[in-house]
Every structure is written in C-alpha cells, then in structure tokens.
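Good morning, everyone. Please have a look at the sequence and the model on the screen. I'll take you through it in a few steps.

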Amino acid sequence: MKVKRHVKLAACISIALTISGLPSALAAAEQCRFIEARSEREACYQRQETARAARQKALETQQAAQPKPYEPMGPEDAQLAKSMRGICRGC
C-alpha cells in the first residue's frame, strides 16, 4: 500500500514538472538583439519572421476551418423574408 502511494506521488511530481517546463520550452525565442554580428543578427530576425509567418498562416487556416457562428436574422433580413413571402411561387 505504501509503495502504491509513493508511485502515485512520483507520477504526480513528474507530470507537474513536465507541465511546468513545457511553456518555457515553447516560449523560448532567440534574442536577436543581443547578437553582435550584423549578418547573424539579421539572419536571426529572418528566421523569426519566417516562423511568425508560418504560425500566422496556421492560425488563419485553423480559423477558416472553424464553423462560422450562427448569426440571428437582422432587421434587413427579416424585411426581405417578409417581402419574399408575398411573391407567388406557383403562378
């Protein structure tokens, strides 16, 4: 029984450490402004721009894939629907 408790505790601690270390690994960005050589610094900025453009494109693709929210009928739409009901469709 004590062994199970220690295993659970170890598992919880390892999961907590993994989760807490994850954001720092994802957010670790190059600090281009501290690079002395101009060509290396500009290459660093170019890599960051390429990565940013890729993230932006992925975000736009994801947003385009999401279904559009339901929009209730506005006053102009209601007026158009009302006028369309008066048109004879079988004549």
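Confidence comes up front, since this is a predicted model. The mean pLDDT of the protein is 79. A score of at least 70 is reached by 75% of the residues. Which element has the lowest mean pLDDT, and which the highest? Helix α1 has the lowest, at 64. Helix α2 has the highest, at 93. Keep one caution in mind: where pLDDT is low, predicted coordinates should not be read in detail.

Now the layout. How many helices and how many strands does the protein have? There are three helices and zero strands. Along the sequence, the pattern reads α-α-α. Helix α1 covers 2-27 and α2 covers 38-65. Helix α3 covers 75-85.

Next, the surface. The protein has 91 residues, and 2% of them count as buried. The accessible surface comes to about 8,900 Å². Carbon and sulfur atoms account for 62% of that surface.

Let's turn to the cysteines. The structure holds one disulfide. Its partners are C32 and C44, with their sulfur atoms 1.8 Å apart. Where in the chain do the two partners sit? C32 is in the loop between α1 and α2, while C44 is in helix α2. They are 12 residues apart, and the pair links distant parts of the chain. The angle about the S-S bond is -70 degrees, and the link of C32 and C44 is left-handed.

Are these cysteines buried or exposed? C32 has a relative accessibility of 3%, so it counts as buried. C44 has a relative accessible area of 0%, so C44 is buried too. The cut-off behind both calls is under 20%.

On to charged side chains. The count comes to two salt bridges. Take R38 and E42. Their closest N and O atoms are 2.9 Å apart. Why are R38 and E42 separated by about one helical turn? Because they are four residues apart in helix α2. How accessible are they? R38 counts as exposed, at 58% relative accessibility. E42 counts as partly exposed, at 43%.

The other salt bridge joins E49 and R52. Here the closest N and O atoms are 2.6 Å apart. E49 and R52 are three residues apart in helix α2, so about one helical turn separates them. E49 is partly exposed, with a relative accessible area of 38%. R52 is partly exposed as well, at 40%.

One more feature, and it is a nonpolar one. Which residues make the nonpolar surface patch? They are L80, M84 and I87. The patch has an area of about 280 Å². I87 lies in the segment after α3. With a relative accessible area of 46%, I87 is partly exposed.

Let me recap. The model is predicted, and its helices follow the pattern α-α-α. One disulfide joins C32 and C44. Two salt bridges make up the count: R38 with E42, and E49 with R52. L80, M84 and I87 make a nonpolar patch on the surface. And when you look at helix α1, remember its mean pLDDT of 64. Thank you.

How values were computed: Residues numbered from 1 in each chain as written. Predicted model: local features only at pLDDT ≥ 70, side-chain atom pairs only at ≥ 80, totals over all residues. Heavy atoms only, no water. Disulfide = S-S within 2.5 Å. Helix = DSSP H or I, 4+ residues; strand = E, 2+ residues; numbered from the N terminus. Buried < 20%, exposed > 50% of the residue type's maximum accessible area, 1.4 Å probe, protein only. Patch = residues over 30% accessible without salt bridge, like charges linked within 9 Å, V, L, I, M, F, W, Y side chains within 5 Å. Areas by Shrake-Rupley, 256 points an atom, 1.4 Å probe, with all protein chains shown as cover. Salt bridge = Lys/Arg side-chain N within 4 Å of Asp/Glu carboxyl O. pLDDT = per-residue confidence, 0-100.
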